[in-house]
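Please open the structure in your viewer and keep the selection tool at hand. We will go from one residue outward to the whole chain.

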Amino acid sequence: MKAVIQRVTRAKVTVDDRTVGEIGKGFMILLGVVRGDTEKEMKLLASKVAGLRVFEDENGKMNLSQDQVGAEILLVSQFTLCADTSHGRRPSFTASAAPDEAKVLYESFARELRNLGVAKVETGVFGADMLVELVNDGPVTIIMDTEEWKRG
C-alpha cells in the first residue's frame, strides 16, 4: 500500500458538484492499493498513520500525533499512486490492485483508522472522478509505502 499523507488545515472532496467528505485540521490521505496487498499491510499502514507525530507541540516541534490534537482524516482512493513510470512516457497501472480487491482494503483502512481512535474519518467515493481541495499546513507531506518497509 502506498499513502501520501498531507497535514492540512482543511480539506474536502466533491463528486458531481456535491461535497462527499470534508475535514478541518488533520490529514488528507491519498491511498493506493497495490496488487498483492493484504490486511497485514493495511493494518500496519493504518497504525503508522494513526501514530504519526507531525503536529506541533507547545515548543513548535513536530511531536504530537493526531489523537493528541483531535485531528481528522480525509481518505481518498488513488490508484495512480501505483503507477510505473520506468518505461516510456505513459504510466502503467498494472501494479494497482483489481478494483474489487482495492475497494475492500480501502474501506477496511478507513474502519481501522476509526478503530484506532481517529474521531472523524471522512472518505471520497471509491472509483469516482473526484475533485479534492486542501490547504497543506506547513507544508508537511509524508509518503509511506509498505513495500519499502518489507525491503528495509
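Begin by selecting F27 in this predicted model, and then display its surroundings: leaving aside residues up to four places away in sequence, F27 touches I5, Q6, R7, V8, V49, L52, V54, F55, Q66, E72, I73 and L74.

Next, add V49 and F109 to the selection, since together with F27 these are the residues with the most contacts inside the largest nonpolar core, a group of 29 residues. To see where this core comes from, colour β1 (2-15), β3 (26-32), α1 (39-51), β6 (72-77), α3 (99-115) and β8 (131-145), each of which supplies at least two of its residues. Which of these elements gives the most to the core? Select α3, which contributes six residues. As a general background, nonpolar side chains in soluble globular proteins tend to be buried together.

Now select V8, A11, V13 and V15, which are among the 12 residues of another core, lying apart from the one you have just seen.

Finally, show the whole chain as a cartoon and follow it from the N terminus, where the elements run in the order β-β-β-α-β-β-α-β-α-β-β-α, giving four helices and eight strands in the protein. Of the 152 residues, 41% are buried. Among contacts between residues at least 6 apart in sequence, 73% join residues at least 24 apart. Because a compact globule with 152 residues would have a radius of gyration near 15 Å, the 15 Å of this protein agrees with that expectation, while its C-alpha atoms fill a box of roughly 45 × 40 × 30 Å along the principal axes.

Terms used. Residues numbered from 1 in each chain as written. Predicted model: local features only at pLDDT ≥ 70, side-chain atom pairs only at ≥ 80, totals over all residues. Heavy atoms only, no water. Rg over C-alpha atoms; globule rule 2.2 N^0.38 Å. Buried < 20%, exposed > 50% of the residue type's maximum accessible area, 1.4 Å probe, protein only. Contact = heavy atoms within 4.5 Å. Core = buried A, V, L, I, M, F, W, Y, C linked by side-chain atoms within 4.5 Å.
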